[in-house]
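Got the viewer open? Here is a short tour, one selection at a time, with a note on what you should find at each stop.

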Amino acid sequence: MPAITRTDPNIIITGTPGVGKTTHCQELAQKTGLHHLDINEVVKKHNIGESSNDPDDPNTKIVDEDRLLDCIENDLEEGGQIIDWHACDLFPPSMIDLVCVVRCDNQMLYDRLKQRGYGEKKLQENMDCEIMEVLLQEARDAYDEDMVVEMRSESTSDIDSNVERIEQWIQNWKKDHGKASEVEAQGQDGKRDEDDPMFLHG
Ligand SMILES: Nc1ncnc2c1ncn2[C@@H]1O[C@H](COP(=O)(O)OP(=O)(O)OP(=O)(O)O)[C@@H](O)[C@H]1O
Ligand SMILES: [Mg+2]
């Protein structure tokens, strides 16, 4: 496998619509200075989404994944991307360092999606997706087991603790990928990945 040249990690924040991906990405980008790569924005900007034929759901876009990857290839090579998208297995594993699957209580998710005005069919499809753990399974199938972490997003304190956990993981990643002196200069402790609770309990 070729050596990693990026100096900041690429992190996917994925999960069923409404679980809290964007909320996490925004907070994490603000805290770390990494870039929030909102795939919805990329799709809009490059016009790479085709409207679905579903009359119940005309706003849903079918995304051309090859074109999407072309659009973000340079960003991924550069590193430091927090990828916000409700799918994850299209991103090449060699470009990805951590996959966070955001989860949410079913009733809470139902209420959030209902509040958005989702129709019954779309609401049920998304609820099934969460109940069947579709995104968690997709992440586990596509990436190494120790790269995939499940996180709950039900309260604001969940967001704080998840973001803190990811920040700690980023510090450790930088230490393990040649940024040790910079991290130590910032006064961080000397923990390594193996000591990281994310991997012990993720
Ligand atoms: N941990 C949380 N505590 C309280 N509210 C939350 C939490 N996580 C998400 N929410 C709320 O749930 C709603 C959906 O969150 P958000 O937009 O981040 O989800 P998303 O996964 O990005 O959805 P989509 O896939 O449709 O973009 C928002 O109103 C947000 O404020
Ligand atoms: Mg979002």
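Two strands pair, for this tour, if DSSP finds at least two bridges between them. Helices (H or I, at least four residues) and strands (E, at least two) are DSSP runs, numbered from the N terminus. Before you click anything: this is a predicted model, in which local features need pLDDT of at least 70, side-chain atom pairs count only at pLDDT 80 or more, and totals for chains, interfaces and linings use all residues. Residues are numbered from 1 along each chain as its sequence is written, while chains are lettered from A and ligands numbered from 1 in the order in which they are written.

**The whole protein**

Start with a cartoon view. You should be able to count 9 helices and 7 strands. Now colour by burial: a residue is buried if 20 or more other C-beta atoms lie within 10 Å of its own, exposed if 12 or fewer, and partly exposed in between, with C-beta atoms placed from the backbone. Of the 202 residues, 27% come out as buried. For contacts, the rule is that two residues touch if their C-beta atoms, placed from the backbone, lie within 7 Å. Among contacts with a separation of 6 or more, 75% are between residues 24 or more positions apart.

**Strand β1 and its partners**

Select residues 11-14, which are β1. Which strands does β1 pair with? On β6 (residues 98-103), 4 bridges join the two, and they run parallel. Pick Thr-14 and look across to Val-101, its bridge partner in β6. With β5 (residues 81-84), β1 pairs in the parallel sense too, over 3 bridges. Here Ile-13 stands opposite Asp-84.

Now turn β1 around and check both faces: Ile-11 and Ile-13 are on one side, Ile-12 and Thr-14 are on the other, and all of them are buried.

Next, pick Leu-98, over in β6. Its C-alpha atom is 4.8 Å from that of Ile-11, although the two residues are 87 apart along the chain. Leu-98 counts as buried because 21 other C-beta atoms lie within 10 Å. Beyond its neighbours within four places in sequence, Leu-98 touches Pro-9, Ile-11, Met-147, Val-149 and Trp-169.

**Around ligand 1**

Follow the chain out of β1 into the loop that leads to α1 (21-32), and stop at Gly-20. Buried or exposed? Gly-20 is buried, because it has 24 C-beta neighbours inside 10 Å. Leaving out residues up to four places away in sequence, its contacts are Val-102, Cys-104 and Ser-153. Step on to Thr-22, which is in α1. Thr-22 is partly exposed, since 15 other C-beta atoms are within 10 Å.

Show ligand 1 and select what is near it (a residue is near a molecule or strand if its C-beta atom, placed from the backbone, lies within 6 Å of it). That gives 16 residues, the closest being Pro-17, Gly-20, Lys-21, Thr-22 and Thr-23. The elements that give two or more residues to this shell are α1 and α7 (156-176). Colour the shell by class and you get 3 nonpolar, 9 polar and 4 charged residues. The classes are: Ala, Val, Leu, Ile, Met, Phe, Trp, Tyr, Cys and Pro nonpolar; Asp, Glu, Lys and Arg charged; the others, Gly among them, polar.

For a cross-check, the unreviewed UniProt entry annotates Gly-18, Gly-20, Lys-21, Thr-22, Thr-23 and Arg-116 as "binding site". UniProt positions are given in the numbering used here, feature names are shortened, and annotations may be inferred rather than shown by experiment.

**Helix α5 and two backbone oddities**

Select residues 120-131, helix α5. Its 12 residues should span 16 Å (1.5 Å times one less than the number of residues), and the end C-alpha atoms are indeed 16 Å apart.

Most residues other than glycine have a negative phi. Just after α5, though, Glu-133 takes a positive phi of about 55 degrees. Glu-133 is in the loop between α5 and α6 (134-142), and is partly exposed because it has 15 C-beta neighbours inside 10 Å.

Jump to Asn-47, another non-glycine residue with a positive phi, about 50 degrees. Look for it in the loop between α2 (39-46) and β3 (49-51). With 9 C-beta neighbours inside 10 Å, Asn-47 counts as exposed.

**Last stop: Ala-142**

Finish in α6, at Ala-142. Its contacts, not counting residues up to four places away in sequence, are Cys-88, Asp-89 and Pro-93. Measure from Ala-142 to Pro-93: the C-alpha atoms are separated by 7.4 Å, and the residues by 49 places along the chain. Ala-142 is partly exposed, with 19 C-beta neighbours inside 10 Å.
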